[in-house]
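Here are my notes on this complex, as numbered points. Please read them with the coordinates open.

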There are 2 protein chains.
Amino acid sequence: MTIARHTDVREPANGDHPRCRLRDILDRVGDKWSVLVMDLLGGGPKRYSELQRAIEGISQRMLTLTLRSLERDGLVERTVTPTSPPRVDYALTPVGRTLSAQVAGLITWAEQHREYVAAARLRYDAP
Amino acid sequence: MTIARHTDVREPANGDHPRCRLRDILDRVGDKWSVLVMDLLGGGPKRYSELQRAIEGISQRMLTLTLRSLERDGLVERTVTPTSPPRVDYALTPVGRTLSAQVAGLITWAEQHREYVAAARLRYDAP
DNA sequence: CAGAATCCAACCGGATACTG
DNA sequence: CAGTATCCGGTTGGATTCTG
């Protein structure tokens, strides 16, 4: 949920508690757009504008912030071709691909259990 | 992301676009505590107070909201033993266990790549 | 013990305008 | 084209208080 802010103030000091590692990866994967971007890049490198059109609903600001954050974590690589107008390509790094593989598992789960969850909600909300 | 609100207003009407399914599962898994709770329950049923002590940092409010939301989605089952004082146990449902298995994959990923990400951040933040 | 209710700060992210 | 900068509203979630 936290796209890297420049003042990255975190909890006290228990750095490698297992739950903190979990927190880290959730923060990495849990924000609004990162997984969507990684999923798209899983299909091969894309230009900035391709991503923007493909994701539909993402603002320029959030696309940039998301890509910067993924790049910072070594999950996405940014390649600038200094033509005019400039061209910028984004691609998953090898480690980025391993994460996107995990994410693919989640997506599969979502598709397999979509109806179950919907039905459970209806039952719960009934009164 | 979104712990179920009672007014659950979502996007327009393209209900089963693949990206919306992804959105759904991200909303389910991406909030601050759900995965942590599911992970703990993966180790067996727990009482409310056990969860609260184990998670450390979660507020009563959020623990309750998180459990309710998981219960609503059919991922967690709530069992009340009407003694005095009351006793309430929470356990994963079978489907909840399948999700928690996926989540376990993410956790493993996080542990395996924790240092890589930390190093990448240092490099990126250097200048 | 296991919550429900209220209040409120921080933060996330959208809209908009501007640039090399 | 690929961003950056600024403003700003809605949501998330923490603190606190009260209850059966």
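**Notes on the protein–DNA model**

1. The largest share of the surface near DNA strand D comes from α4(A), which gives 4 residues. Keep in mind that this is a predicted model. By class, the surface near DNA strand D holds 9 nonpolar, 6 polar and 8 charged residues.

2. Which residues come closest to DNA strand D? A:Ser49, A:Arg78, A:Tyr90, B:Lys32 and B:Arg61 do, out of 23 that surround the strand. Both chains appear in that list of closest residues. Of the strand D atoms within 4 Å of the protein, 61% are sugar or phosphate atoms. The rest belong to bases.

3. Next, the phosphate contacts of strand D. A:Ser49 puts a polar side-chain atom 2.6 Å from a phosphate oxygen of DNA strand D. A:Arg78 also has a polar side-chain atom 2.6 Å from a phosphate oxygen of this strand. From chain B, an N or O atom in the side chain of B:Lys32 sits 2.7 Å from a phosphate oxygen of DNA strand D. The elements giving two or more residues to this surface are α3 (48-55), α4 (60-72) and β3 (87-92) of chain A, along with α4 (60-72) of chain B.

4. Now DNA strand C. It has 22 residues around it, and the nearest are A:Lys32, A:Arg61, B:Ser49, B:Arg78 and B:Tyr90. Sugar or phosphate accounts for 67% of the strand C atoms within 4 Å of the protein, and bases for the rest. The residues of this surface divide into 9 nonpolar, 6 polar and 7 charged.

5. What does the side chain of A:Arg61 approach on DNA strand C? One of its N or O atoms is 2.6 Å from a base nitrogen. B:Ser49 turns to the backbone instead: a side-chain N or O atom of B:Ser49 is 2.6 Å from a phosphate oxygen of DNA strand C. A:Ser59 has a polar side-chain atom 3.4 Å from a phosphate oxygen of the strand. Two or more residues each come from α4 of chain A and from α3 (48-55), α4 and β3 (87-92) of chain B. The largest share, 4 residues, is that of α4(B).

6. How do the two protein chains relate? Two copies of a chain are related by a rotation about an axis and a shift along it. Here, a turn of 180° with a shift of 0.0 Å along the axis lays chain B on chain A, at an RMSD of 0.2 Å. Those values therefore describe a two-fold axis. In chain B, the C-alpha nearest the axis belongs to B:Gly30, 2.1 Å from it. Both copies use the same surface: 100% of the contact residues of chain B recur in chain A.

7. Please look along helix α5 of chain B. This helix covers residues 94-125, 32 residues in total. At 1.5 Å a residue it should span 46 Å, so the 44 Å between its end C-alpha atoms agrees. There is still a kink of about 55° in α5(B), centred on B:His113. Inspect the end-to-end span and the kink together.

8. Some backbone geometry deserves a check. Most residues other than glycine have a negative phi, and most peptide bonds are trans. The bond from A:Ser84 to A:Pro85 is cis, with omega near 5°. A:Pro85 lies in the loop between β2 (76-81) and β3 of chain A. In chain B, the bond from B:Ser84 to B:Pro85 is cis too, with omega near 5°. B:Pro85 lies in the loop between β2 (76-81) and β3 of chain B.

9. One more backbone point, in chain A. Is phi of A:Glu56 positive or negative? Phi is near 55°, a positive value in a residue other than glycine. A:Glu56 lies in the loop between α3 and α4 of chain A.

Technical notes
Residues are numbered from 1 along each chain as its sequence is written. Chains are lettered from A and ligands numbered from 1 in the order in which they are written. This is a predicted model: local features need pLDDT of at least 70, side-chain atom pairs count only at pLDDT 80 or more; totals for chains, interfaces and linings use all residues. Side-chain values use heavy atoms; hydrogens and water are left out. A residue is near a molecule or strand if one of its heavy atoms lies within 4 Å of it. A polar contact is a pair of N or O atoms within 3.5 Å; within protein, one must be able to donate a hydrogen and the other to accept it, and residues adjacent in sequence count only if both atoms are side-chain atoms. Ala, Val, Leu, Ile, Met, Phe, Trp, Tyr, Cys and Pro count as nonpolar, Asp, Glu, Lys and Arg as charged, and the others, Gly among them, as polar. The expected span of a helix is 1.5 Å times one less than its number of residues. The bend at a residue is the angle between axes fitted to the seven residues ending there and the seven starting there. Copies are superposed by least squares on the C-alpha atoms of residues with pLDDT of at least 70 in both. Contact means heavy atoms within 4.5 Å.
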